[in-house]
Amino acid sequence: MDKWWKNIEKYGDYMYDVIIIGAGPAGLTSSIYSRRANKKTLVLEALSYGGQIINSLDIENYPVEFHISGFDFATKLYEQAKSLGAEIYFEKVTEIKNNDDYKEVITSNNTYKTKSVIIATGAENRKLGLENENELVGKGISYCATCDGNFYKDKVVAVQGGGNTAIDDALYLSEIASKVYLIHRRDEFRADEAMVNKLKEKDNVEFFLNSSVTKLNAKDNLESIEVTNKDGETKELEVSALFVAIGRTPANADFENLIKVDEAGYIVASEDCHTNIPGIFVAGDNRTKDVRQLVTATNDGAIAAIEASKYISNLK
Ligand code: NAP
């Protein structure tokens with residue numbers, strides 16, 4: 001016998017084939033594949049479309065596009081998804097409920113029913129966890145040098161972190177700011193050696209190794225930071241901005257009660273994008289994987305949508 005929801009629209013309710021959570025490159029690509037498979041598709045996004053890529057000034061490693069800004073890339077993808085008939089609503093998803101034969105996706109405003117779900121929520125900037133860090137965002141604390149660097153022309157700024165993002169940020173800022181402090185908690189870097197060496201050659205960059213920012217001093221705006229080294233010695237540095245580049249954390253907190261995640265919070269999935277719950281898939285930076293790149297996010301988006309379509313076809 002047919003499932004009850006096959007006729008649900010007759011009774012004034014609405015059942016999606018696929019609900020995609022997140023309108024970044026993975027989620028929007030999923031919606032393109034899902035609509036091309038003629039599936040009723042809803043994308044739910046908490047903030048604005050594009051995800052993290054919107055912060056990239058210039059993308060040079062996406063096939064066919066020689067140079068494109070993150071904003072233009074995201075806007076093209078968004079327009080493409082809309083033109084194919086994806087519904088895109090800006091609502092924060094707070095929970096997924098797994099019923100036997102359908103799922104419910106709950107947002108701050110609504111509850112939506114769907115046959116399948118693709119979680120494409122990506123990852124968020126990791127915070128230092130310092131008192132008044134959140135309040136000072138936009139007033140001296142930034143997580144995106146390419147977005148905010150220009151506000152600090154000829155000023156003294158600091159970057160915390162030792163990965164490629166931190167070194168890229170410090171290099172970028174060294175061309176804008178009068179001085180850049182690079183603060184890293186160890187004396188070895190995760191970043192590529194060539195990039196670290198390039199940074200070491202800059203006259204206006206000073207390294208503080210085995211050190212972390214431990215206090216933010218501000219009136220209305222950030223005025224100075226306290227830096228503490230591994231021996232517990234502190235130093236106050238006057239800066240107009242601190243760029244925090246200490247990695248990212250997957251945005252899976254709302255789903256961890258239902259979906260299996262690893263110790264770092266990434267949804268456990270292989271290249272087929274299946275989670276531990278049948279009918280719930282994951283695409284992009286928030287799943288376990290080795291390479292987190294724009295092209296692997298869009299790749300996941302395609303796979304998750306194809307797998308969701310297969311799942312729907314197999315529902316009795
Ligand atoms: P990442 O490689 O995870 O590096 C994070 C850095 O932050 C590490 O140096 C880490 O220190 C430090 N850190 C983490 N938590 C901290 C805390 N609570 N306090 C102080 N320091 C902390 O992150 P990412 O630099 O954002 O890079 C993410 C991925 O994107 C990487 O695979 C990277 O290669 C890639 N990426 C590539 C490029 C490029 O190719 N040009 C540019 C940007 C990013 P420890 O080293 O001590 O753990």
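In the predicted model, strand β1 (residues 15–21) is largely enclosed by the rest of the structure, because seven of its seven residues are buried. Two strands pair with β1. One of them is strand β6 (residues 111–119), which runs parallel to β1 and is joined to it over six bridges. Within this pairing, I21 stands opposite I119 of β6. The other is strand β2 (residues 41–44), also parallel to β1, with four bridges between the two. Here I19 of β1 faces L42 of β2 as its opposite residue. Strands of a sheet pair through backbone hydrogen bonds, either parallel or antiparallel. The chain passes through helix α1 (residues 25–36) as part of a β-α-β unit that consists of β1, α1 and β2, and this unit is right-handed.

These elements belong to a protein of 316 residues, of which 49% count as buried. The secondary structure comprises six helices and 17 strands. Measured out along the principal axes, the C-alpha trace has a computed span of about 75 × 40 × 35 Å.

A further group of strands forms an open sheet. This sheet has five strands in the order β8-β15-β9-β10-β11, and the pairing is parallel. Strands β8 (141–142) and β11 stand at the edges with a single partner strand each, so one side of each has no neighbour in the sheet. At the β11 edge, the partner is strand β10 (residues 179–183), and the two pair in the parallel sense over four bridges. One residue pair in this contact is I183 with its bridge partner F208 in β11. In a regular strand the side chains alternate between the two faces of the sheet.

The model also contains a ligand, with 14 residues around it; those that come nearest are N164, T165, R185, R186 and R190. Three of these residues were examined for the distance from a polar side-chain atom to an oxygen atom of the ligand. For N164 the distance is 2.8 Å. For T165 the corresponding distance is 2.7 Å, and for R186 it is 2.7 Å. On its own the ligand has 920 Å² of accessible area, and the protein covers 65% of this. By residue class, the shell around the ligand holds two nonpolar, seven polar and five charged residues. Helix α4 (residues 164–174) gives the most to this shell, with three residues.

Individual residues were then considered. T107 lies in strand β5 (residues 103–107). With a relative accessible area of 6%, T107 falls under the 20% limit and is therefore buried. The side chain of T107 makes a polar contact of 2.7 Å with the side chain of E91.

L130 is located in the loop between β7 (123–125) and β8. Its relative accessible area is 18%, so L130 is also classed as buried. In sequence, L130 and T214 are 84 residues apart, while in space their C-alpha atoms are separated by 7.0 Å.

Two loop residues have an unusual sign of the backbone angle phi. Most residues other than glycine have a negative phi. V64, which is not a glycine, has a positive phi of about 80°. V64 sits in the loop between β2 and α2 (70–83). Its relative accessible area of 78% is over the 50% limit, so V64 counts as exposed. The second case is N210, again not a glycine, with a positive phi of about 50°. N210 is placed in the loop between β11 (205–208) and β12 (211–218). With 19% relative accessibility, N210 is under the 20% limit and so counts as buried. Thus the two residues with positive phi differ in their surroundings, since V64 is exposed and N210 is buried.

Notes. Residues are numbered from 1 along each chain as its sequence is written. This is a predicted model: local features need pLDDT of at least 70, side-chain atom pairs count only at pLDDT 80 or more; totals for chains, interfaces and linings use all residues. Side-chain values use heavy atoms; hydrogens and water are left out. A residue is near a molecule or strand if one of its heavy atoms lies within 4 Å of it. A polar contact is a pair of N or O atoms within 3.5 Å; within protein, one must be able to donate a hydrogen and the other to accept it, and residues adjacent in sequence count only if both atoms are side-chain atoms. Accessible areas come from the Shrake-Rupley method with a 1.4 Å probe; for residues, only the protein chains shown count as cover. Ala, Val, Leu, Ile, Met, Phe, Trp, Tyr, Cys and Pro count as nonpolar, Asp, Glu, Lys and Arg as charged, and the others, Gly among them, as polar. Buried means under 20% relative accessible area, exposed over 50%, partly exposed in between (1.4 Å probe, protein chains only). Two strands pair if DSSP finds at least two bridges between them. A crossover is right-handed if, with the strands pointing away from the viewer, the path from the first strand over the helix to the second runs clockwise.
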